[in-house]
Amino acid sequence: MGKLKEALIAKERSMQEHGYYEPALTLKEQDPIKFEVLYTKLVHSVLNAREVAALVSASPVVREMGECVFGLYTAEGDAICLSVGIMLHIHTMSRMIKWMIMNDYEEKVGFKEGDYFFNNDPYIGGTHSPDQLIVTPIYCEGELVGWSGGVTHVPETGAVEPGGLPASATTRFHEGIIMPCVRIAENDELKKDLEVFVSRNVRTPEWWLLDNRAKVAGCRMIRDDVKKLVTAYGLAYYTAASHEYIEDTMRATKAKARSVLFPGRYRATAFSGVGRRLLIHVPLEMTVDREGQLAMDFDGLSSPGAHPQNNTLPSTEGAFMCTAIQHLFYDSRYNAGSFYAMKLNIPAGTVLNPPNIFYATGLISTSITTGIVWNDCVSRAYYAKGYREEVFAPNAMTVGMHCGGIDQYGRIFGGFNMESSSCGSGAMGVFDGLDTAYAQWNPEADMGDAEVWEQILPIVWLGRGIQPDSGGFGKFRGGNAIESLFFVANTNRAEMGSYGGRLPIFTSSGIMGGYPGSRTYRNIIQNTDLKARIAAQQPLPHYEGETPDQPEMVRLLNGKADLSRGRYAARPVQEYDVYYQINGSGGGFGDPIERDPLLVQRDVRNKVTILSNAERIYGVAIDPATLEIDEAKTKELRAGIRKARLARGVPAREYIARTRQQLLNGEVSGVARDLYDDILRISPQFARQFREFWNLPEDYTKVPEPVTLTTG
Amino acid sequence: MTTSHPKDLLRDLLEGKLSSERIREIQRLPKDPDRFEKIIAIEQGRVPWPERILVCLQEHLYVVDKQGERIVKCSCGHEFGDYRVNWKESALVYERDPQDGEVYAHTRAADPEFTLLREFYCPGCGAQLEVEAVPPGYPFIFSFLPDLDD
Amino acid sequence: MGNTASEHQLLCYLDTGGTFTDCFVVDESGRFIIGKAPSTPGDIAEGFFNAIEATTPQIGLSLAAFFRRLRILGYGTTLVINALLTRTGRQPGLIITKGFEGLLLMERAKQTWTEYERIDRMHVVTHRHLEPLVPRALIHGITERIDCLGKPIIPLYEQEVREAARALIAQGVEAIVISFLWSFMNDRHERRAGEIVREELAKAGKDIPVFLGVEISPVMRELSRTNAAIIEAYTAPLLQGAIKGVQRRLGELGFQGSLQLMQSAGGLAPAEHVKAVETVQSGPVGGLMGGKFIGDLYGIQNVITTDAGGTSFDVGLVSGGHVNINREPVCARMILGVPVAEIISIGAGGGTLARIDPLTGRLEVGPASAGAVPGPVCYDTGGSQPTVTDADLTLGYLNPDYFIGGRIKLNKPKAEEAIRTQIAAPLGLSVIEAAAGIRQIIDAKMRDTIYGLVAARGLAISDYALLAFGGAGPTHAAGYAEGLPLKGVLMFPYSAAFSAFGAATADYEHHYTRALNMVVPPVAADDKKIELGEQLNRVWADLEAQAREQMAREGFDPERITLRFLAMIRYGRQLNDLVVTSPVRRIEGAADWDALIGAFEQLYDERYARAARFPEAGYDIFEVGLVASAEKIKPKLVPQPLEDAPPPAGARKGERPAYFDGQMVPAAVYELANLRPGNVVPGPAIIEDPTTTFVVPPSKRVEIDQYFTLWLK
């Protein structure tokens, strides 16, 4: 067995035995200043690497969304520090390094200075195949002392559909070029033959190949910095300190949880919808004990299936940590410590930990959903402790458009507009969520300028803005989604499709009386008369408009419309085909009729709330002409809404009895039936709770077929 | 130097009276260790009943000590019973077809085959305490069971 | 310092800082003196003239005589940025491409977190939208569209423009901004809309300024361009008003010369011709200009400027003799499509606060600052949390009785007590160790910022010399320069006023850019290269004509104008380009084309190492540019005869214990004014001056050269 493998196994064992990463913080106690100064240097190194990479990179995802993270790892592959960026990857590169070690790369493949290993196999590391990881070993005094790594999201992988996120994939083998831990460079030089391979297998090879250069440049910077620091501090100190930073973070993580979260048991459930048929169950039971030990139990997850919304373990861990860092550990060192400080149960054989590598995993909506239930549980824990300003209602699922073919310059292309990176955020406990400025997987969210995307893709926007009233209604509302309406221009050789999850359900959940953010969807109209309308200078569609059920594009255009609003596979498109997309929006917080009328008025003035909703949902009367608030009428409206609630609400016990009967009769939707049949089978724990709550017999293991009367 | 905020500031914070920039300043500071006690005191001052608040469960709902009994109580005074039992089981429920057009425009709402809206109201004051978005037949979610035992 | 100016023409530069306005006067022979007066935020003109009045006596001139000789009055104004921060500009209305009326409310998500500290970027509940300068009700959408190839794909619906103009007039806006997508590729729609709006204004008998996106910022990215145009509309009237006020007063005082404004990209230009938005960040530019000047003086091509003040540490770069330009800066949280000199600023200075994180027991220094109020503990003005200045005092670097020349008396025991109770005790360290820790961490942060700025641009720090100035610069230079393989560390006697000095060294300069859409195949035949070259030549010729016309209008002799032709080049489908200075003024043949591409490849190598090259992707050129500049009177550092190495007896004031290499050791204390060129001051030593304090560690020495520059060696 290789030295690294021995060390790794020993480390994992000792952690399981003792529950700590290092027994003591000797160096920190001896000289806290020296300890801190070295860490500052390491952090700056990864930050600088990220900046250089972003400059060399070609992929718009890196330039416009900064989806690019660099990290420094111990010899065994534990993260010591990461740059800012998409924290999905805090753990995914670690997984990749450990996978190579456990699979005897040290002996069978061999590591040496100047080697760079590439991986985009999400079962090994990364969250889906567009996530491309590159790591390089760091040698000092002839010994492998650590790894530097970088990851970027490359929006084209030569999959069955363009853009790297094929919505129609049903197995891994539809998801394009997947290279598991391949050595792509030696002596700091990229291998030409591999570049030829890539250049002939993906639609936009420049992105992949330039990003390789970006990551190699970044990894190399970190490597060289670390070598200098080891010389300055001594190998022994560096190694010991790098382990202590992880232990230090483990302790800080628990201390943080202890000081800001109320101890107790928290439960939340969210779902990830697939197409028109399937619902995926993502439950979380979170416990916080008085010592600040966090335990996260995802027992009850659905089974994997023939769709792209299964996600791998690295993807799930990544997505989960990404939210955890933003919502709780933002002020700690970003490294493996916060991960090890939590107990995480993601049952094997489920949609978030598939039994084998066959399943498609392109759309990470299910793993991102772990962040939604986290937001719910942790917000309640902050609330109970009094930290209302940290309450963050559950966030949105992201969707987007991808396209490929021949672009406006006559070049082959494939890619997507990353507006998925700018949903509305969940409401905060003390003010509204952000409109169009957040994605759960990207704290440094951005949608980029339309002009940048129009330069890259053969599309022209007719309208791009804030989707009114899409955020979840509440005392504080969820952030509104971005809506986009555009048409295909300057090409007739292109295909266009859409990706994204949580369809056809609400994009987020509300909390403490707030409503979920509205559903995400997209429409397309082909063979339109847009060109003629333009020539005649007639009114054109720009937004969905105040009547979503009769959107402008439908009212103003003729053509072949697909308003199925579902996700769909890429299809051929031509000039003047018109596409509409509304992205995710955040959940609301609190009872909508407790919303400050001034906030409602502000939204109406900004045209992000329409008058009828102000009145019907918030119970705020606003004069259409002056936009002034009628306070007396507002009082009246709100009293009326309360009364109506008391009138229509039924005592829970009645409701439970009624629903129990429906379950016994099998009177639930087919979607619900499939959901329960699956999880009652694979999760004894859920089955028990389910039967207990509805007071169902022990033999209730699946929902019975409904009785259908046969009339003679 | 540990942070500590004046009570008036915290009252304004939880009443939503602070500008988002002022809130940002509070968010950026290290957390104030005396927050819990202060918030409890503020909340105690806002409710019309005498029972001692042990923890704020969520908007409107508190776990209070009523002659040694720990029960869930609404700001309006309505009592939901033992805190170890999900308060939702003593609330009013309204199961809403998301596409009924009353809250969401039809196209913006989830497909009722997949998701129903379950609105929970306080029987005392009609406050909307929680909205669940779950498939038909899904058990009530027991969101929070605080660890109160000493 | 320079001697009294005689019957020479004069140049004067005024640098309005937050607290002081520095007045810098130089004569044709290059001799200069510096005066200062408190700034007057209310009425800039007042502080402006106070500073001049405070200075002229030093030259031995009456105000009248001073202004009679004054040829150029340079001025760095913070008026525009202040108007933005305090939201006190004029209210514009906006006419924008239909479908983008929500642009300012939506902005770019990036604007909700850009300029935040690393922690806040991750702590997402702290992210905030910016309140738009133009409320939604004053934004009107117009049906029209240019596509990315510059083709009008939707015609301008002119009637909508008329209606929008009338509506805005009725709404009583004070300016009208027109910003359409891709107008920088084809400005036809924007200009036509401008005509229509002016017609409507004329009909309504209104005199309201109209601003076109393409005229303010002819570059890609609709938000950056629209932001720039809105800022122009929001602040230009204020700036022009203020300038008129100053000019009137100058006229009365007999001033015949030209009033010049410092621009954010560096370089002065006649006040009446400067765009307001181009002065938005002119404050810290002076130091960079000075860096370039000093670099030229010593024949150093690459210079790092470091300005350490009370609250911030500003780092800038001069590379290859040119100031690094940021073409997409963020000002007042708005991303702007205007060039500004690239300056990285972190919260690190004398006032920076130190604390122990109660959860982790980590010592954290900054970014928060005690500012002027309550100030450091030792100021005795209410500050209770220890700062970097308190640490410097505790460590013996600062003289409690000679801070700002003794104007502020420092309370050392109080500083020590704060550090003892709040830092030393929790960490189990002595007061000295704790103070040293604070200094170590702040110095490390400064060092890493310098290193990062250079490294993250793929540059080599060993090619650079470092200039340290600002009140706290010389006090910390030895610390933050330690371990950096620099060509040298330079400090200046007029350290605190170095920005004013630097600004006075600036040339006249104008930057011009133009968008185009050039996709260059990996392998291009000669005729293709020539065709592309001609395309470039046409744009360069346009820009040159534009530049010559403007500089002529500003009264420059065409002979004195120097032009730098730029092409922003990237590999095919890359998203960041490099600003390449063309080796030729025009592409006359395939060879010239290859020379241009060659220049790009070479620059690319220097930046990102050869391995990152990717000619197989071909090249994209979406922007070209031109920098036109002309020389003017500048300060000249006059070499003075070198004297012996040992400082004159009078220079040494005594000695006091200061912290070096882990212990307090006796350090010699000198008075800067009494040192002479040629002197060598061995460490450990402290050189005091009313405006700053130079710290010389034992392992180092300071050599004063013929220009009275202090070299830390």
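# Interfaces and cavities in a predicted model

Me: How many residue pairs are in polar contact between chain B and chain C?
Reply: The model is a predicted one, and a pair is counted here when both of its residues have pLDDT 80 or more. With that condition in place, the residue pairs in polar contact between chain B and chain C number 7.

Me: How do the residues on the side of chain B that touches chain C divide into nonpolar, polar and charged?
Reply: The contact with chain C draws on 9 residues of chain B, while chain C contributes 13 residues. On the side of chain B, these residues divide into 3 nonpolar, 3 polar and 3 charged.

Me: Which residue of chain C meets B:Arg24 in a salt bridge?
Reply: Between chain B and chain C the count of salt bridges is 2. In the one formed by B:Arg24, the distance from N to O is 3.0 Å, and the partner side chain belongs to C:Asp120.

Me: What area is buried between chain B and chain C?
Reply: The size of an interface is often given as the accessible area lost when the parts come together. For chain B and chain C, carbon and sulfur atoms give 47% of that area, and the total comes to about 940 Å².

Me: Which residues of chain A lose the most area to chain B?
Reply: In this interface, 85 residues of chain A are in contact with 75 residues of chain B. The area buried between the two chains is about 6900 Å², with 56% of it coming from carbon and sulfur atoms. Three residues of chain A, together giving 9% of what that side buries, lose the most area to chain B, and they are A:Phe506, A:Tyr515 and A:Tyr655.

Me: Which residue of chain B forms a salt bridge with A:Glu389?
Reply: The salt bridges between chain A and chain B number 10. In the one made by A:Glu389, the closest N and O atoms are 2.9 Å apart, and the residue on the other side is B:Lys31.

Me: Which element of chain A gives the most residues to the side that touches chain B?
Reply: Across the interface of chain A and chain B, 46 residue pairs are in polar contact. The elements of chain A that supply two or more residues to this side include strand 9 (278-288), helix 12, helix 18 (631-648) and helix 19 (652-665). The element that gives the most, with 7 residues, is strand 8.

Me: Which residues lie closest to the centre of the largest cavity?
Reply: The model has 15 cavities of 30 Å³ or more, and the largest of them holds about 250 Å³ of space. Of the 24 residues in its lining, those closest to the centre are A:Thr269, A:Ala270, A:Ser509, B:Glu132 and B:Ala133.

Me: Which strand of chain B supplies at least two residues of the lining of the largest cavity?
Reply: The lining of the largest cavity divides into 10 nonpolar, 7 polar and 7 charged residues. From chain A, strand 8 (264-274) and helix 12 (365-385) each supply at least two of the lining residues, and from chain B the element that does so is strand 7 (128-134).

Me: What is the volume of the second largest cavity?
Reply: The second largest cavity is lined by 19 residues, and those nearest its centre are A:His128, A:Leu165, A:Ile364, A:Thr398 and A:Trp441. Its lining divides into 9 nonpolar, 9 polar and 1 charged, and the volume of this cavity is about 190 Å³.

Me: In which loop of chain A is A:Met512 found?
Reply: A:Met512 is not a glycine, although its phi is positive, at about 55°. Along chain A, A:Met512 sits in the loop between strand 16 (494-500) and strand 17 (521-526).

Me: Where in chain C does C:Pro684 lie?
Reply: The peptide bond that leads from C:Gly683 to C:Pro684 is cis, and its omega is near -5°. C:Pro684 itself lies in the loop between strand 31 (680-682) and strand 32 (685-688).

Me: What pattern of helices and strands does chain B follow along the sequence?
Reply: Chain B spans about 55 × 45 × 25 Å along the principal axes of its C-alpha trace, and it has 3 helices and 8 strands. Read along the sequence, these elements follow the pattern α-α-α-β-β-β-β-β-β-β-β.

Conventions
Residues are numbered from 1 along each chain as its sequence is written. Chains are lettered from A and ligands numbered from 1 in the order in which they are written. This is a predicted model: local features need pLDDT of at least 70, side-chain atom pairs count only at pLDDT 80 or more; totals for chains, interfaces and linings use all residues. Side-chain values use heavy atoms; hydrogens and water are left out. On a 1 Å grid over the protein atoms alone, a cavity is a set of points where a 1.4 Å probe fits but cannot get out, and a pocket is an open set with protein on both sides within 12 Å along at least five of seven lines; lining residues have an atom within 4 Å of a point. Grid points are joined across faces, edges and corners, and a volume is the space filled by probe spheres set on the points. Helices (H or I, at least four residues) and strands (E, at least two) are DSSP runs, numbered from the N terminus. Ala, Val, Leu, Ile, Met, Phe, Trp, Tyr, Cys and Pro count as nonpolar, Asp, Glu, Lys and Arg as charged, and the others, Gly among them, as polar. Contact means heavy atoms within 4.5 Å. Buried area is the accessible area (1.4 Å probe) that two parts lose on being put together, summed over both. A salt bridge is a side-chain nitrogen of Lys or Arg within 4 Å of a carboxyl oxygen of Asp or Glu. A polar contact is a pair of N or O atoms within 3.5 Å; within protein, one must be able to donate a hydrogen and the other to accept it, and residues adjacent in sequence count only if both atoms are side-chain atoms.
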